[in-house]
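Colleague: Before we go through the strand pairing and one of the pockets, could you show me the model and set each assignment against its criterion?

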Amino acid sequence: MKKKVLTLALLGCFAAGSATANVAINGFASIKGGMTTGSDEQLYGYDNDFNLKNESLFALQLKADLGDKLSVTGQLMGRGSKDFDVGFEWAFITYELADNMRINAGRLRTPFYKYSDFKDVGYAYDWLRVPQGVYGFGFDNIEGISFYRTAELGSVESTLQLVAGAYDGKATISGVEVDAEIKNIVGITWEVTQGNISGRLAYLTGKSTVDAAAASIAENFTIGNLFTTLNSLGLTDLVASIDIQQEKGTFLGFGLTYDNGDWIAVSEITRVKVDNSFIAEQNNYYVSVGKRFNSITPYISYEVEDNESRDEIFQPYQATLPAQLLIPVQGLVRSQARSAKT
């Protein structure tokens, strides 16, 4: 229902201003294919069968100037991973407070990363695709409001963004898509540039709730079954340390870029944590260096994913919890661990 209301509201804005609005229409598409080299391996949505659908997409962006410093932007996108079902990726109204300040309100891209705003636009960066180990976090959009301000601080160019909103959608737990909600999201990003060097800092926090009861942790045994059994035995504290109900989540990111037009070096480091939950603490980063030759840019990237499982959740119960319950608790907690180098 929320998506339908948002769609109707945006179309209403276009219709209301159609008599006088200056409408710009742009589009882009990416066709990407890939496969793994091992018969039993899966990675980033690929397996050992060549796939042209997983990361391919097409999009149409519309922007209308409504006058009085108001404009409206909508981006329709169809992703191969979702059978190219078209929906509004973005839909927001912009009000220009001044030449260097503006407010956006509606469905916005969550500003986790340096390339968040155009991570789907392949020609907006030098890679084939953004580094998956860092950019693969949970969700891309929120419904809310953001404030931008650009300024020159001596020889330094500054871009400050404040954001507030909420997310209500899907997340993936143990390969199962579940309902997720993040309320009271607030965040700040600050990017500064001097000459060929720029740095970026991002911090966001919110209250996370995830309904993972349907996710399986063993044959015919779900997370919901586990919680019911533990609660029946009076182990409510253990359940509270595993489930995700209004838990504080934080995202911290730092990026550094050198770009002189010929050479480009980019690095981002991120840390994600959800308190009092079985979600592993995620500490990921990448380093990438490329050399531009006109329209061709060979590059090399190195990515590290270090998601540490929270074994401290079940360690106090190892001597007292029956094996038929300890094993699924351990399995659930350790299923979130990941250590990978790409």
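Modeller: This is a predicted model, and a good place to begin is strand 12 (residues 244-259) with strand 13 (residues 263-274), which run antiparallel and are joined by 11 bridges.

Colleague: Why are strand 12 and strand 13 called paired?

Modeller: Pairing requires at least two bridges between the strands, and strand 12 and strand 13 have 11, so by that criterion they count as paired. One of the contacts joins F254 to its bridge partner I269 in strand 13. The two strands form a hairpin with 3 residues between them, and in the turn G261 has a positive phi of about 95 degrees.

Colleague: How do you know that strand 13 also pairs with strand 14?

Modeller: Strand 13 and strand 14 (residues 281-291) share 10 bridges in the antiparallel sense, and since the criterion asks for at least two, they are therefore paired as well. Here I264 has G290 in strand 14 as its bridge partner. This hairpin has 6 residues between the strands, with N276 at a positive phi near 50 degrees.

Colleague: What makes D117, Y148, T159, E191 and R200 stand out in the second largest pocket?

Modeller: Of the 18 residues that line the second largest pocket, those five lie nearest its centre. Strand 6 (141-153), strand 7 (156-173) and strand 8 (176-194) are the elements that give two or more residues to this lining, and the pocket has a volume of about 370 Å³.

Colleague: How does the lining of the second largest pocket divide into nonpolar, polar and charged residues?

Modeller: The division is 5 nonpolar, 7 polar and 6 charged, with Gly counted among the polar residues.

Technical notes. Residues numbered from 1 in each chain as written. Predicted model: local features only at pLDDT ≥ 70, side-chain atom pairs only at ≥ 80, totals over all residues. Heavy atoms only, no water. Helix = DSSP H or I, 4+ residues; strand = E, 2+ residues; numbered from the N terminus. 1 Å grid on protein atoms, 1.4 Å probe; cavity = no way out; pocket = protein on both sides within 12 Å on 5 of 7 lines; lining within 4 Å. Points joined across faces, edges and corners; volume = space filled by probe spheres on them.
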